Amino acid sequence: MPDNRRTFLTKVAAGALGSGVAVGTGVSAVSAWTGAQTNSVVNQARPADNDMLKIAKVEPFIMQTSRDAQGKLTGTPYLFCRLETTEGIVGWGEGTNFQKEATIATEIEMVKPWVIGQSAYDIERTWAMIFRARNAMHGSAVQSTISAIDMALWDIVGQKLNLPVYKLLGGKINDKIKIYTSYRWGNIPRTADAYKKRTQELVAEGAMAGKFDPFFDEPDFAGYSNATASRYDSDIWSRQAKLSTINNVAEMIQGIREGGPNFEICIEAHAKFNADSAPRIIKAVEPYNPFWLEEPVPPGNVEAMARVQRLSSVPIAAGERLKSRLEVREYIERDALRILQPDAARIGGITELRKVASLAETHWIPVAPHNPNGPICLAAHLHLATSMSNFMILEEGHDRQAEGDELFTGGWQNSRAYFMPRETPGLGLKFSDDYVRQHSLDINTAERSG
């Protein structure tokens with residue numbers, strides 16, 4: 001009779017919980033009811049795969065994905081992070097934060113002991129553990145470290161469940177990801193005619209939007225980020241835009257508008273200006289209906305940016321330098337921007353970007369992720385954008401065809417208008433051992449490259 005009863009209960013449990021369970025006769029794990037070891041049939045009817053997806057390895061890598069005509073590695077160094085589970089599933093994340101790659105790699109080495117042994121399923125737990133443990137040293141390097149590890153965890157879980165990450169984030173709402181081209185006007189004369197002609201070419205290639213920084217090549221800001229700046233006058237230090245610069249930029253934007261009446265113009269300012277110059281720049285370009293003016297003033301003083309936004313019908317876009325939802329909250333609640341540009345490699349990975357996107361959505365603010373980084377961050381943004389209801393547009397970054405064919409599972413479809421969601425498990429990237437070996441930099445080389 002007991003055997004018949006056990007057989008009956010076994011069939012009921014297997015029928016109720018599905019075929020993917022293991023019902024045995026040995027002592028099973030802790031009871032869900034009593035907390036004690038038990039041999040109950042129901043407790044034995046648990047998923048056959050009890051693997052906790054524990055992290056066994058954490059390794060930072062600094063890589064360059066581009067090569068010059070002579071085959072030498074070139075371009076921006078990217079900060080990647082490789083996580084591996086005890087069963088051999090490998091996930092990749094990215095914490096690229098320009099000129100800080102060596103620092104972030106060191107930070108990853110520092111937090112490695114806290115990550116090893118954790119379950120890859122416990123993404124929130126790992127995020128909070130690092131965030132709290134490094135509380136005294138919070139800054140962009142810590143957040144980029146969290147970003148890299150967080151992306152890799154999502155990658156591992158997606159692979160384990162054989163699902164693309166966007167399906168773990170709520171599924172697909174956007175069937176294709178609208179993009180804007182980055183700096184595709186090239187080295188042309190700073191005239192309306194030249195920019196009109198080049199914009200017509202971009203539109204013919206399929207582009208619907210594009211961004212560039214029209215202030216970089218002007219003498220008063222050409223040396224802004226390096227030692228040669230010292231030979232310029234005080235305008236560079238006071239963040240004051242010269243009238244000649246403002247007038248010239250307005251002429252270029254006029255040319256873009258004439259070349260593409262429906263082309264969305266994204267103007268980048270790289271936080272160069274003060275609260276006096278920014279409104280003057282906006283007033284000069286306002287007649288050409290730009291899509292946005294990005295970072296007209298530096299971050300840090302929310303009220304200064306809010307004052308500039310209140311004076312303008314042109315939306316201010318910002319967010320790439322904001323390091324967590326704690327910083328984003330103030331900018332949103334004080335109406336200091338109309339378009340949010342978080343960067344998954346800087347703000348805390350997929351986990352944190354989802355949270356700031358939700359915060360923005362409660363204020364009807366669209367999200368346009370900052371995306372000049374490497375292929376792993378691009379993949380993370382694609383999954384986020386696929387599942388994000390307030391997604392607006394994604395930065396192209398650069399021509400992805402060469403690295404895309406080599407790194408993206410299923411290859412890469414280049415377009416001037418759209419990127420497509422990734423349908424392969426995890427983030428949808430593959431890194432062979434040969435690729436890692438051939439593209440990695442040692443930390444001293446990386447510091448010089450930065």
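Hi everyone, let's start with the sheet. In this predicted model, four strands form an open sheet in the order β7-β6-β3-β16, and their pairing is antiparallel. Which strands sit at the edges? They are β7, residues 90-94, and β16, residues 440-441, and each of them pairs on one side only.

Let's look at one of those edges. Strand β3, residues 55-63, joins β16 through two bridges, in the antiparallel sense. If you want to find the spot on your screen, look for I62, whose bridge partner in β16 is L441.

Now for the helices that go with the sheet. Helix α3, residues 101-115, lies across β3 and β6, and runs at about 180° to β3. Helix α15, residues 375-387, lies across β6 and β7, at about 95° to β7.

Next, the core. In soluble globular proteins, nonpolar side chains tend to be buried together. Here the largest nonpolar core has 108 residues, and those with the most contacts inside it include L83, M151 and L340. Which helix gives the most to this core? That is α5, with eleven residues. Apart from this core lies another one, of nine residues, with A209 and C266 among them.

Let me pick out L340 for a moment. Beyond its neighbours within four places in sequence, L340 is in contact with residues including A318, V328, I332 and V356.

Last stop: S140, which is in helix α5, residues 140-161. Is S140 buried or exposed? Its relative accessible area is 15%, and buried means under 20%, so S140 counts as buried. Setting aside neighbours within four places in sequence, S140 is in contact with N97, K100 and K323. Thanks for listening!

Methods: Residues are numbered from 1 along each chain as its sequence is written. This is a predicted model: local features need pLDDT of at least 70, side-chain atom pairs count only at pLDDT 80 or more; totals for chains, interfaces and linings use all residues. Side-chain values use heavy atoms; hydrogens and water are left out. Buried means under 20% relative accessible area, exposed over 50%, partly exposed in between (1.4 Å probe, protein chains only). Contact means heavy atoms within 4.5 Å. A nonpolar core is a set of buried Ala, Val, Leu, Ile, Met, Phe, Trp, Tyr and Cys residues joined through side-chain atoms within 4.5 Å. Two strands pair if DSSP finds at least two bridges between them. Axes are lines fitted to C-alpha atoms, for helices over the stretch in contact, and angles run from 0 to 180 degrees between N-to-C directions.
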